[in-house]
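Hi everyone, thanks for making time for this. I'd like to walk you through one model today, so let me put it up on the screen.

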Amino acid sequence: MTAEEKIKLEERIIEVLKTVYDPEIPVDVYNLGLIYRIELSDEGNLEVDMTLTAPNCPAADFIAEDVRLKLAGIEGINDVKLELVFEPEWDKDMMSEEAKLELGFM
């Protein structure tokens, strides 16, 4: 894929991540700062490292599967490898300004 196609695909990946929500928090996983790494190969293979607001999150399986399915559904993505990581530990400072406003932290 060309550099321009890759940039457009990376933008689409972020758009899609912004449609995934923790059922207990009215902010998407991207703006919550739960996405630590997005790596897209020229062949369309996608690797994503994400975390959760808490390691014992009851919706962990639901959120991870939602992310994986939505990313796999993007045209141009051949394979999705989603890794749940807990280092560094998530905290509210990782949220976007928009998320902090939405949740009353500002």
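**A walk from helix to sheet**

Let's begin with Ile 7, which you will find in helix 1. Keep in mind that what you are looking at is a predicted model. Is Ile 7 buried or exposed? Neither, quite: its relative accessible area is 46%, so it counts as partly exposed. If you now look for Lys 81, that residue is 74 positions from Ile 7 in sequence, and their C-alpha atoms are 19 Å apart in space.

Next, the helix pair. Helix 1 covers residues 3-17 and helix 2 covers residues 60-72; they pack at about 145°, and 10 Å separates their axes. The crossing of these two helices is right-handed. Which residues meet there? From helix 1 we have Ile 13, Val 16 and Leu 17, and from helix 2 Val 67, Lys 70 and Leu 71. Sorted by class, that contact has five nonpolar residues, one charged and no polar ones.

Now, the sheet. It is open, with three strands in the order 1-2-3 and mixed pairing. Strand 1 (35-40) and strand 3 (79-84) each have a single partner strand, so one side of each lacks a neighbour in the sheet. From one strand to the next, the twist averages 10°.

Strand 2, residues 45-50, runs parallel to strand 3, and six bridges join them. For a landmark, find Asp 49, which stands opposite Glu 83 in strand 3.

Finally, both helices come back. Helix 1 packs on the sheet, touching strands 1 and 2, at about 150° to the direction of strand 1. Helix 2 packs there too, touching strands 2 and 3, and its direction makes about 160° with that of strand 3.

Note on methods:
Residues are numbered from 1 along each chain as its sequence is written. This is a predicted model: local features need pLDDT of at least 70, side-chain atom pairs count only at pLDDT 80 or more; totals for chains, interfaces and linings use all residues. Side-chain values use heavy atoms; hydrogens and water are left out. Axes are lines fitted to C-alpha atoms, for helices over the stretch in contact, and angles run from 0 to 180 degrees between N-to-C directions. Helices (H or I, at least four residues) and strands (E, at least two) are DSSP runs, numbered from the N terminus. A crossing is left-handed if the near helix is turned anticlockwise from the far one by less than a right angle, and right-handed if clockwise. Contact means heavy atoms within 4.5 Å. Ala, Val, Leu, Ile, Met, Phe, Trp, Tyr, Cys and Pro count as nonpolar, Asp, Glu, Lys and Arg as charged, and the others, Gly among them, as polar. Buried means under 20% relative accessible area, exposed over 50%, partly exposed in between (1.4 Å probe, protein chains only). Two strands pair if DSSP finds at least two bridges between them.
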